[in-house]
Amino acid sequence: MNAAEPRPPFAGVPGFAQLGPRFFTRLAPTPLPSPRLVSVSASAAGLLGWDADAATQRSFIETFAGNHVPEWADPLASVYSGHQFGVWAGQLGDGRAIRLAEARTASGPWEIQLKGAGMTPYSRMADGRAVLRSSIREYLCSEAMQALGVPTTRALCIIGSDAPVRRETIETASVVTRLAPSFIRFGHFEHFAAREDLGSLRQLADFVIDRFMPECRDDKQPYQALLREVALRTADLMARWQAVGFCHGVMNTDNMSILGLTIDYGPFGFLDAFDANHICNHSDSQGRYAYSQQPQVAFWNLHCLAQALMPLWREGDGKADAETGKAATDAAVEAARAALDPFRERYGAAFFQQYRDKLGLRPTGGPDADDEPLLTDLFQLMHAQRVDYTLFWRNLARISCADGSQDAPVRDLFLDRAAWDAWAEAYRARLRAENSVDAVRAVAMLAVNPKYVLRNHLAETAIQRARENDFSEVDRLLAVLSRPFDEQPEAEGYAALPPDWAAGLEVSCSS
């Protein structure tokens, strides 16, 4: 970019790069032949102080294709390790992502990362490329989750090319530019703990605390405070995922953000027909990352993070004698447990608050204050009836607490109408107990129950058109998903039940 063109504010500041070469490898992206703009998010561009029109400039396309390294960039790929599907995988790292630079804005730092920018030392025999299909899915879902109020990495743009890339079939290459305050993962800490590199482990923890969680520094045990803060952020994230019906699909520790962000959109999906045990990832043959398992998997991953951090607060080195070593280990484990224990309480509180909001309920302080039985009965009913998750919550907002005269839109989602009637009467009784006002409750419920989510068939339609060099559906879908709670009469089709062919769609780790 030349001086007349937009550039990231204060780009080139050290940020992650200040940690030193043990944490990354500096390298330039691999050029992408004949790049073209697929789409740009005006919302994400605004984070960098840009207007979306900047994306029409040729230098923008060349930069975010990886073809031109501007003077403000400091490209590098980071190293990390992790557990994949519950098994220690050893060294991993940015196999196809290259951090281009870091920007400083009024809202804080934003790392700018090119995903699909070519091979790195951590590619593990892969080609380092991303395909148009997966880039469109990540781009759209990153921005959709932001609009839904779910903590997430962001996506600035997609740059496409006709360059062939082999997956299950031959596809075309693309680069999606991702933004995040940091892309540090649980796996970064696991990497240095596994190598018994205590100096680097401490340096990384200090960086995260000083940059993102300075309140932890005031704690008597700052590293335990760091673990506790990550646990609380992760608990909040899980509650948000469950509430919007989002399935991540590959919750490996290297895909868990230390900041509690949704990161690495691969084989994800939103629930259509409600199935508590839904598995969105075709590669997940054991169902480890099923929808219902996500909170427990997050807690398991936090234990891996705790194991990595424990050396930072272990008292004694365990070498003086066996008794001293055991005492130090026991104390470290107890400290880790104390830091992780708040996860369960925080998740439970956040989960029930999310669903009380979705149901339009407020605590009464009386015998109806415990809404767990009502919610449990609802989940069981929705699971048995395979009710469309998003449509159910949206339509529920418009029923009356007086009688079933306005139930039809939601009642018709159930094959067993009598079962719905029984639950609905219990729900209405609960609403009447708090003197709920239909019109007021409806406004509140419509503000938290989205009408539009990125269903797989919507993404697939955009992908198919993009393969024909028609990117209009990507932009159209992005616009709809940026206002998920609004009525958009011109976009009613995006809120409809999925077509029959959608049942045959599969996403896997190659997605």
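## Around Gly 93

Leaving out neighbours within four places in sequence, Gly 93 is in contact with Ser 78, Val 79, Tyr 80 and Tyr 122. This is a predicted model, so let's take a look around it, starting right here. Gly 93 sits in the loop between strand E5 (87-91) and strand E6 (97-105). Is Gly 93 buried or exposed? With a relative accessibility of 10%, Gly 93 counts as buried, because the cut-off for buried is under 20%.

## The listed binding site

Gly 93 also turns up in a database record. An unreviewed UniProt entry lists these positions under "binding site": Gly 93, Gly 95, Arg 96, Lys 115, Asp 127, Gly 128, Arg 178, Arg 185 and Asp 264. From this set, the lining of the largest pocket takes in Gly 93, Gly 95, Arg 96, Lys 115, Asp 127, Gly 128, Arg 178, Arg 185 and Asp 264.

Now pick out Asp 264 from that list. You'll find Asp 264 in the loop between strand E11 (246-247) and strand E12 (269-270), and at 11% relative accessibility it counts as buried. Which residues does Asp 264 touch, not counting those up to four places away in sequence? They are Lys 115, Glu 138, Arg 178, Arg 185, His 248, Asp 254 and Asn 255. With Arg 178 there is also a side-chain link: a polar contact of 2.9 Å joins Asp 264 to Arg 178.

## Closed spaces inside

Besides the pocket, there are cavities to look at. How many cavities of 30 Å³ or more are there? The count comes to five, and the largest cavity holds about 80 Å³ of space. Two elements, strand E3 (76-78) and strand E7 (108-115), each give two or more residues to the lining of that largest cavity. The full lining is made up of Phe 16, Leu 76, Ser 78, Asp 94, Arg 99, Glu 111, Gln 113, Ser 182, Phe 183, Ile 184 and His 188.

His 188, one of those lining residues, belongs to helix H4 (residues 186-194). Its relative accessibility is 1%, which means His 188 counts as buried. The side chains of His 188 and Ser 78 are joined by a polar contact of 3.1 Å, and Ser 78 is on the cavity lining too. Setting aside neighbours within four places in sequence, His 188 is in contact with Phe 16, Ser 78, Val 79, Tyr 80, Phe 183 and Leu 204. Ser 78, Val 79 and Tyr 80 may ring a bell, as Gly 93 is in contact with them as well.

## Gln 84 and its surroundings

Next stop: strand E4 (residues 81-84), where you'll find Gln 84. Gln 84 is partly exposed, with a relative accessible area of 24%. Not counting residues up to four places away in sequence, Gln 84 touches Ala 89, Leu 92, Arg 124, Asn 252, Asp 254 and Tyr 289. Asp 254 is also among the residues that Asp 264 touches.

What separates Gln 84 from Tyr 347 in space? Their C-alpha atoms are 23 Å apart, while along the chain the two are 263 residues apart.

## Helix H9

Tyr 347 brings us to helix H9 (residues 342-359), which has 18 residues. From first C-alpha to last, H9 reaches 26 Å, close to the 26 Å expected at 1.5 Å a residue. Its buried residues are Phe 343, Tyr 347, Ala 350, Phe 351, Gln 354, Tyr 355, Arg 356, Lys 358 and Leu 359. Just after H9 comes Gly 360, which takes a positive phi of about 75 degrees.

Notes
Residues are numbered from 1 along each chain as its sequence is written. This is a predicted model: local features need pLDDT of at least 70, side-chain atom pairs count only at pLDDT 80 or more; totals for chains, interfaces and linings use all residues. Side-chain values use heavy atoms; hydrogens and water are left out. Helices (H or I, at least four residues) and strands (E, at least two) are DSSP runs, numbered from the N terminus. The expected span of a helix is 1.5 Å times one less than its number of residues. Buried means under 20% relative accessible area, exposed over 50%, partly exposed in between (1.4 Å probe, protein chains only). UniProt positions are given in the numbering used here, feature names are shortened, and annotations may be inferred rather than shown by experiment. On a 1 Å grid over the protein atoms alone, a cavity is a set of points where a 1.4 Å probe fits but cannot get out, and a pocket is an open set with protein on both sides within 12 Å along at least five of seven lines; lining residues have an atom within 4 Å of a point. Contact means heavy atoms within 4.5 Å. A polar contact is a pair of N or O atoms within 3.5 Å; within protein, one must be able to donate a hydrogen and the other to accept it, and residues adjacent in sequence count only if both atoms are side-chain atoms. Grid points are joined across faces, edges and corners, and a volume is the space filled by probe spheres set on the points.
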